[in-house]
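Hi everyone, thanks for coming. Could you pull the structure up on your screens before I start?

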Amino acid sequence: MMAEYGRIKAALEARPPRHSLPQYLYNDDAVFTFDQKAIFHRSWILIGFEVEFPTAGSYQSLKIGGAPILVIRGKDGVLRGFHNTCRHRGAELCPEGKGKSARLVCPYHQWTYDTAGKLIFAGRMGDDFNAADHGLAPVHVQTLEGTVYVCLAEDAPDFEPYAKAVAPMLAAHNLKDAKIAHEATLMEKANWKLVMENARECYHCAGRHPELAVTFPIYAKGNFETVSDHEANFDARMAELGLPSAPVEADWWQAARFPLNEGMVSMTMDGQPAVAKLMCPIGDGDIGSLRWALEPHSFCHSSGDFTFMFTCIPISTKETLVLGKWLVHKDAVEGVDYDLDNLVKLWDVTNMEDRDLCELNQRGVDSPAYRPGPYSEVAESLVLRFTDYYVTKALDYIDAVEGERQLAAMAAD
């Protein structure tokens with residue numbers, strides 16, 4: 001293992017500053033496995049929204065970095081996360097997807113757990129068996145203004161700075177009073193890091209996203225800093241409305257409210273609201289877009305009428321699942337307050353165009369002539385930020401593993 005980690009470390013350190021990654025880090029199966037442990041198992045992952053867990057027993061089963069987990073709402077209303085593996089012989093408790101159950105019953109030998117993860121039935125185990133020692137293994141769960149996050153690490157990154165900075169921005173969008181209007185998945189034949197690099201820039205938007213360019217400020221700088229009169233006027237108007245707009249960020253997250261193109265109110269094909277029943281009625285819904293993004297896997301856009309969530313889920317070295325969710329006000333009625341095709345079309349089209357670009361990029365990276373290329377510091381600053389984050393997090397993990405190995409060797413002596 002350490003020999004492979006040594007090779008990964010050498011590749012990480014060989015990357016020229018402000019450049020894309022060496023080919024090996026995109027294309028090698030061992031690196032893909034490493035990424036699951038070093039990146040996805042040690043990060044806060046946005047899995048969705050509290051409205052997806054409406055009542056006690058509502059659960060969601062999914063994989064993070066290949067590890068099966070489940071999140072379930074307890075009888076006390078609290079969301080809890082667990083590794084989705086029975087404490088008997090490790091069988092998967094719940095199939096991937098959403099469901100509802102008052103108890104979690106292993107389909108193999110019927111060991112049964114309550115919604116707090118406590119083992120409440122294990123047949124024929126003998127008098128010396130202590131059920132209290134065999135509860136489900138927990139994972140960290142955090143909620144923030146209707147959003148839900150999971151982290152598999154024993155010591156999760158500090159969530160509080162993110163919560164403190166982003167909660168005031170999210171609050172106005174009333175995500176706790178929303179519903180999922182649509183979900184879509186798209187399989188992309190590209191490494192997950194290429195998918196995320198593409199998702200972190202709009203350098204390509206003028207040439208490849210004519211639909212998105214109608215509403216989205218494709219020449220915006222970085223994390224949507226104020227650089228024009230249009231943006232300055234927007235910031236002043238948001239201040240009058242009491243909506244925070246200035247960019248906030250740390251190493252694994254960033255958020256900002258920014259204006260859409262002049263005359264545009266929502267991120268739709270024509271720039272007009274797709275939903276009559278607004279999620280945020282402040283300013284009659286003309287509040288630009290709140291973008292918040294988490295490394296290593298997601299971004300969201302919230303306008304006055306709906307929220308769109310994008311997340312990438314690594315499947316294999318050159319396969320990435322992209323999941324999209326559209327949220328509208330819980331009282332919005334399809335066919336009355338919104339037309340579903342109109343609601344989803346812009347992001348649907350954009351995601352398909354991005355799939356083609358990511359696969360195009362992967363095919364080129366496969367070439368023996370590929371070498372890391374320089375990022376545009378003007379147009380690709382968020383890509384550079386993502387790649388720097390990846391390199392730092394990966395090196396930190398390798399150093400931690402090496403430190404643990406050395407301590408174990410010393411203890412053995």
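I'll go through the two sheets, and then the helices that sit against them and against each other.

Quick ground rules: residues count from 1 along each chain as its sequence is written. What you see is a predicted model, where local features need pLDDT of at least 70, side-chain atom pairs count only at pLDDT 80 or more, and totals for chains, interfaces and linings use all residues, while side-chain values use heavy atoms, with hydrogens and water left out.

Helices and strands here are DSSP runs numbered from the N terminus, helices being H or I with at least four residues and strands E with at least two. Two strands count as paired if DSSP finds at least two bridges between them.

So, sheet one. Its 7 strands run in the order β1-β10-β9-β4-β3-β2-β5, an open sheet with antiparallel pairing. β1 (45-49) and β5 (97-100) are at the edges with a single partner strand each, so each has one side without a neighbour in the sheet. Inside the sheet, β3 (residues 67-73) pairs with β4 (residues 79-83) over 5 bridges, antiparallel. If you want a spot to click on, I69 has H83 in β4 as its bridge partner.

The other sheet is open too, with 7 strands in the order β11-β17-β16-β15-β14-β13-β12 and antiparallel pairing. Its edge strands are β11 (178-188) and β12 (248-250). Look at β16 (residues 307-316) and β17 (residues 319-329): they run antiparallel, joined by 9 bridges. There, P314 is partnered with T320 in β17.

Now the helices. Which strands does α4 lie across? Helix α4 (residues 160-170) lies across β12, β13 (253-258) and β14 (289-294), at about 20° to β13. α4 also lies across β9 (138-144) and β10 (147-151), at about 40° to β9. For these angles, axes are lines fitted to C-alpha atoms, for helices over the stretch in contact, and values run from 0 to 180 degrees between N-to-C directions.

α9 lies across β12, β13 and β14 as well, running at about 165° to β13. α9 has helix partners too. With α5 (residues 192-199), α9 (residues 381-412) packs at about 145°, axes 8 Å apart. Touching residues, meaning heavy atoms within 4.5 Å, include W192 and M196 in α5 and F386 and Y390 in α9.

Finally, α3 (residues 29-38) and α9 have axes that come within 10 Å and cross at roughly 85°. The two are therefore roughly perpendicular, a label for angles of 65 to 115 degrees. Among the residues meeting there are F34 in α3 and Y397 in α9.

Technical notes: Parallel < 35°, antiparallel > 145°, perpendicular 65-115°, else oblique.
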